[in-house]
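Reader: I'd like a close look at one spot in this chain, backbone first, and then whatever surrounds it in the fold. Please keep it concrete and spell out your cut-offs as you go.

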Amino acid sequence: QVQLVESGGGLVQAGGPLRLSCAASGDTFSNYDMGWFRQAPGKEREFVAAITRSGGSTYYADSVKGRFTISRDNAKNTISLQMNSLNPEDTAVYYCAAHMFYSGSFIYQFQQFYDSWGQGTQVTVSS
């Protein structure tokens with residue numbers, strides 16, 4: 001299975017941008033649909049965005065639609081999450097996740113359909 005390492009988290013002021021990256025290794029990256037999830041303190045982990053293996057389709061949670069953009073570079077084995085117009089409600093640990101395409105259906109908004117997870121990166125948005 002693929003191993004995932006997130007980077008790019010940090011402290012940002014409300015209204016500002018931040019870009020997260022996730023580097024994959026250990027398997028053929030183009031075999032994986034990818035997603036971002038986040039977990040705020042005291043809350044359940046929730047879906048943020050997902051992208052299919054080719055990058056041809058992207059999906060977003062309603063709370064981030066129009067502000068966040070997910071992308072991938074299969075040549076560099078990376079995905080990114082460009083986050084704009086951040087607000088304090090976006091404060092959370094952000095996780096990168098991978099779904100192996102031959103493991104079954106890709107129901108992107110549910111965690112149980114992902115096979116590998118990164119360790120997470122903290123994003124803090126100050127008001």
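Author: Let's start with Asn77, which you'll find in the loop between β7 and β8. The strands I name are DSSP runs of E at least two residues long, numbered from the N terminus. Before going further, note that this is a predicted model: local features need pLDDT of at least 70 and side-chain atom pairs count only at pLDDT 80 or more, while totals for chains, interfaces and linings use all residues. Residues are numbered from 1 along each chain as its sequence is written, and side-chain values use heavy atoms, with hydrogens and water left out.

What makes Asn77 worth a stop is its backbone: phi is near 55 degrees, a positive value in a residue other than glycine. As background, most residues other than glycine have a negative phi. Asn77 has a relative accessible area of 26%, so it falls in the partly exposed class (buried is under 20%, exposed is over 50%, and partly exposed is in between, using a 1.4 Å probe and protein chains only). Ser85 has a positive phi too, about 50 degrees, and it isn't a glycine either. Ser85 belongs to the loop between β8 and β9, and at 41% relative accessibility Ser85 is partly exposed.

Now follow the strands around these loops inwards. The largest nonpolar core counts 37 residues, and Met34, Trp36, Leu81, Met83 and Tyr94 have the most contacts inside it. A core here is a set of buried Ala, Val, Leu, Ile, Met, Phe, Trp, Tyr and Cys residues joined through side-chain atoms within 4.5 Å. Strands that each supply at least two residues of this core include β7 (68-73) and β8 (78-83), along with β4 (32-39), β9 (92-100) and β11. It's β9 that gives the most, with six residues. Look at Tyr94 for a feel of the packing: setting aside neighbours within four places in sequence, its contacts include Leu20, Trp36, Phe68, Leu81, Met83 and Val123 (contact means heavy atoms within 4.5 Å).

The same loop that holds Ser85, the one between β8 and β9, is also where Asp90 sits. There's a salt bridge between the side chains of Asp90 and Arg67, at 2.8 Å from N to O. A salt bridge means a side-chain nitrogen of Lys or Arg within 4 Å of a carboxyl oxygen of Asp or Glu, and the count by that rule is four. Why does the Arg67 pair stand for a link across the chain? Arg67 lies in the loop between β6 (58-60) and β7, and Asp90 in the one between β8 and β9, so the pair ties together parts that are 23 residues apart in sequence. Arg67 and Asp90 are both buried. Through shared partners, salt bridges join Arg38, Glu46, Arg67 and Asp90 into one network. Within that network, Glu46 meets Arg38 at 2.7 Å, N to O; Arg38 is buried at 5% relative accessibility, whereas Glu46, at 36%, is partly exposed. Another salt bridge is Lys65 with Asp62, whose closest N and O atoms are 3.2 Å apart, and Asp62 is exposed at 67% relative accessibility.

Next, the rings. The structure has nine aromatic pairs, where rings of Phe, Tyr and Trp (its six-membered ring) pair if their centres lie within 6.5 Å, with planes under 30 degrees apart called stacked, over 60 edge-to-face and the rest tilted. Phe37 and Tyr114 have ring centres 5.1 Å apart and planes at 85 degrees, so this pair is edge-to-face. Because Phe37 lies in strand β4 and Tyr114 in the loop between β9 and β10 (116-117), the pair ties together parts 77 residues apart in sequence. Both Phe37 and Tyr114 are buried. The two also belong to a cluster of linked ring pairs with Phe47, Tyr59, Phe106, Tyr108 and Trp117. Trp117 has another partner as well: the charged end of Arg45 sits over its ring, 3.9 Å from the centre (CZ of Arg or NZ of Lys within 6 Å of the ring centre and within 35 degrees of the ring normal). Arg45 also has its charged end over the ring of Tyr95, 4.8 Å from the centre.

Key
Helices (H or I, at least four residues) and strands (E, at least two) are DSSP runs, numbered from the N terminus.
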